[in-house]
Protein chains: 2
Amino acid sequence: MSDVAIGVDVGGTKALALMVARDGRVVGELKSQTPHDEGFGAGEATTKVIVEQVHELCERQGLSPAQVPIGLGLPGMMRRDGHLAFAPNLQTASGADLGAQLGTALGNSSVFCENDANCATLAEHEWGAGRGIRDFVMVTLGTGIGGGVVADGQLVRGRSGFAGEIGHMVVEAKGAPCSCGGRGCWERYASGGGLHRLTREAALEGRLASVVERCDGDPKKVRAEDVTAAAADGLEEAVTLLREVGWWLALGLANLVAILDCGHFVIGGGLSSASDLVLPAAREYLAELVEGYDARPAITVTTSMFGERSGAMGATLVAFEGA
Amino acid sequence: MSDVAIGVDVGGTKALALMVARDGRVVGELKSQTPHDEGFGAGEATTKVIVEQVHELCERQGLSPAQVPIGLGLPGMMRRDGHLAFAPNLQTASGADLGAQLGTALGNSSVFCENDANCATLAEHEWGAGRGIRDFVMVTLGTGIGGGVVADGQLVRGRSGFAGEIGHMVVEAKGAPCSCGGRGCWERYASGGGLHRLTREAALEGRLASVVERCDGDPKKVRAEDVTAAAADGLEEAVTLLREVGWWLALGLANLVAILDCGHFVIGGGLSSASDLVLPAAREYLAELVEGYDARPAITVTTSMFGERSGAMGATLVAFEGA
């Protein structure tokens, strides 16, 4: 039984590798770029990057890369057998069996895979903002929305291991088109990407005049970051837009409360740190959006403890559990 | 340990009581009206009806009403401690502690309560259309939509016991008003009540001319039953409307697949038996509405095995489990 494990959070642009002890202490850390255009078979270049990370982290501790358990957190629909079935945000690795490829390359029989948001959920449940809580949902607000569901103390994995794709819950039938092929998915409204889209629409409709002014008067130049910056300076139109994103966030959270009766949400991802307006607005709107709000105990919404490290942290738990 | 239990499904208009053996065999059955206007304290008249049912069923078998374990299935947000916290469809009993009242009236210390749709889910899981399936959702299409979630073989109850309120998942932000106080809830589109609403709208907008003709030419007279009857006769406008309800049903099912990765749905309630068009349409639309549909194993949608008896059947399981 190994004292440490390596967890790698494999994103569309970066791979973050952590070596972590059983008590959650981070022993080593490495961040690398992931290749966009592979020019190899599916997943080969990604595997090469991870092999280098594992070698480097092990060398620092004088450990053998063949003997440390390894967990991979991957974006997309990850089958329990290690096959990445559908990954619109990591197309170069979609369809590949990254776990087996990595195991072969390292001569390591302890390589385990899990969806990245599920990994983040495990980390927050074991060591972070969901510690000791039996019913909660982790929600990661990045370009899209990922998530993980904990019910009665257990991560809900579902039939094939695909559970937690909460960003593709439709909240606006026939609404904005989504990269998944559907329309009106929650992540088109309440994520960083959703903020970007709403910003663009508002600017073109003339609803963000004061922010447009700051961007050389060109509505096409206004980005999500301009709105969060303008809101931080107190510009009312920008504040209104971020509160609108908070309303959409609360709408999806309320749906999860109805289905799962979870009492707690752990929010991660870039949007939660980019603005300190979205979460307070979401908390406020929950009161009007949750069915039977007054009949329930208080619902809490907190930020993740490990931030962008949570996926890699949780991948080590998958490794410890599997090894 | 008793060989039989009594389960009572307490609805807004009727209470169905079953005496059931451990293997699922129904030993006795009684259906009574539930009082609409009580004129007593909360739940008192309802309790009186159930007391009579229990006495009658026990008398037939020569058993003591104080010694048979009893389960109650109640519509609404049922707290784990037996308190009915919020029940818009059984307002006369809302806020009452029916379990304790019944226990006192019968001198029976084995009275247990659970949400009615959760009861139905337990029955289908133990003996019916969800038997042996580890990840499924039961969906009851009545006036509203109730439901129960089974994840990894366990009924998801949530923090307070309120899980499974799937009908109040919002699928159309700012959509049709709902009795819960919200807007755009799934049950406003895909239930019997949803069909009624869509029927009324379509008739008033002139989209159901051939059905209106059958109703003395008065669009205000057209009811949901007229549409299901007209569809059974092959009237195209009626078929189109029922397929539309099927589309809305599939939309909510697809959301549940995204969140829970359930592979199976058990559909109960009046609407599923009223028309043989809604479920086939829903199955068809799942292919376009489920994220990553082709990457998943087949998703199955079947009707409940116990129909309107499933709630009372499952209430006996709650009684067996608790006793």
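## A hairpin to start with

A hairpin of three residues links β8(A) to β9(A). Strands here are DSSP runs of E with at least two residues, helices are runs of H or I with at least four, and both are numbered from the N terminus. The two strands, β8(A) at residues 136–141 and β9(A) at residues 145–151, pair antiparallel over six bridges; pairing takes at least two bridges found by DSSP between the strands. One of the pairs puts Phe136(A) opposite Val150(A) of β9(A).

Some bookkeeping before going on. This is a predicted model, where local features need pLDDT of at least 70 and side-chain atom pairs count only at pLDDT 80 or more, while totals for chains, interfaces and linings use all residues. Residues are numbered from 1 along each chain as its sequence is written, and chains are lettered from A and ligands numbered from 1 in the order in which they are written.

## The sheet around β8

On another side of the pairing, β8(A) runs parallel to β11(A) (residues 264–268), joined by five bridges. Met138(A) has Val266(A) as its bridge partner there. From β11(A) the pattern carries on to β12(A), again parallel, with four bridges, and Phe265(A) is matched with Val301(A).

Put together, that's an open sheet of five strands in chain A, ordered β10-β9-β8-β11-β12, with mixed pairing. Its edges are β10 (154–155) and β12 (300–303) of chain A, each of which pairs on one side only. As a reminder, strands of a sheet pair through backbone hydrogen bonds, either parallel or antiparallel.

How many of the residues of β8(A) are buried? Six of six, where "buried" means 20 or more other C-beta atoms within 10 Å of the residue's own, "exposed" means 12 or fewer, and "partly exposed" is in between, with C-beta atoms placed from the backbone. Both faces of the strand are covered: Phe136(A), Met138(A) and Thr140(A) sit on one side, with Val137(A), Val139(A) and Leu141(A) on the other.

## Chain A as a whole

Chain A has 11 helices and 12 strands. Its radius of gyration is 20 Å, close to the 20 Å that the globule rule gives for 323 residues, so chain A is as compact as a globular protein of that length. The radius is taken over C-alpha atoms, and the rule is 2.2 Å times the number of residues to the power 0.38. Along the principal axes, the C-alpha trace spans about 60 × 50 × 35 Å.

Of the 323 residues of chain A, 56% count as buried. Contacts (C-beta atoms, placed from the backbone, within 7 Å) reach far along the sequence: among those between residues at least 6 apart, 63% join residues at least 24 apart.

## The nonpolar core

The largest nonpolar core has 222 residues, and Ile6(A) and Ile6(B) have the most contacts inside it. A core here is a set of buried Ala, Val, Leu, Ile, Met, Phe, Trp, Tyr and Cys residues joined through C-beta atoms within 7 Å. Leaving out residues up to four places away in sequence, Ile6(A) touches a list of residues including Leu18(A), Val54(A), Ile70(A) and Ala319(A).

## Two chains, one axis

Chain A lands on chain B after a rotation of 180 degrees with 0.0 Å of shift along the axis, at an RMSD of 0.0 Å. That is the relation of a two-fold axis. The same surface serves both copies, with 100% of the contact residues of chain A recurring in chain B. The superposition is by least squares on the C-alpha atoms of residues with pLDDT of at least 70 in both copies.

At the interface, 39 residues of chain A are in contact with 39 residues of chain B. Which element of chain A gives the most to this side? That's α8(A), with six residues.

## Three loop residues

Asp216(B) has a positive phi of about 55 degrees although it is not a glycine. Asp216(B) lies in the loop between α6 (209–214) and α7 (224–232) of chain B, and is exposed, with 8 other C-beta atoms within 10 Å. Asp261(B) also has a positive phi, near 50 degrees, but is buried, with 23 other C-beta atoms within 10 Å.

Back in chain A, Glu308(A) is in the loop between β12 and α11 (310–322). Glu308(A) is partly exposed, with 19 other C-beta atoms within 10 Å.

Notes
Two residues are in contact if their C-beta atoms, placed from the backbone, lie within 7 Å.
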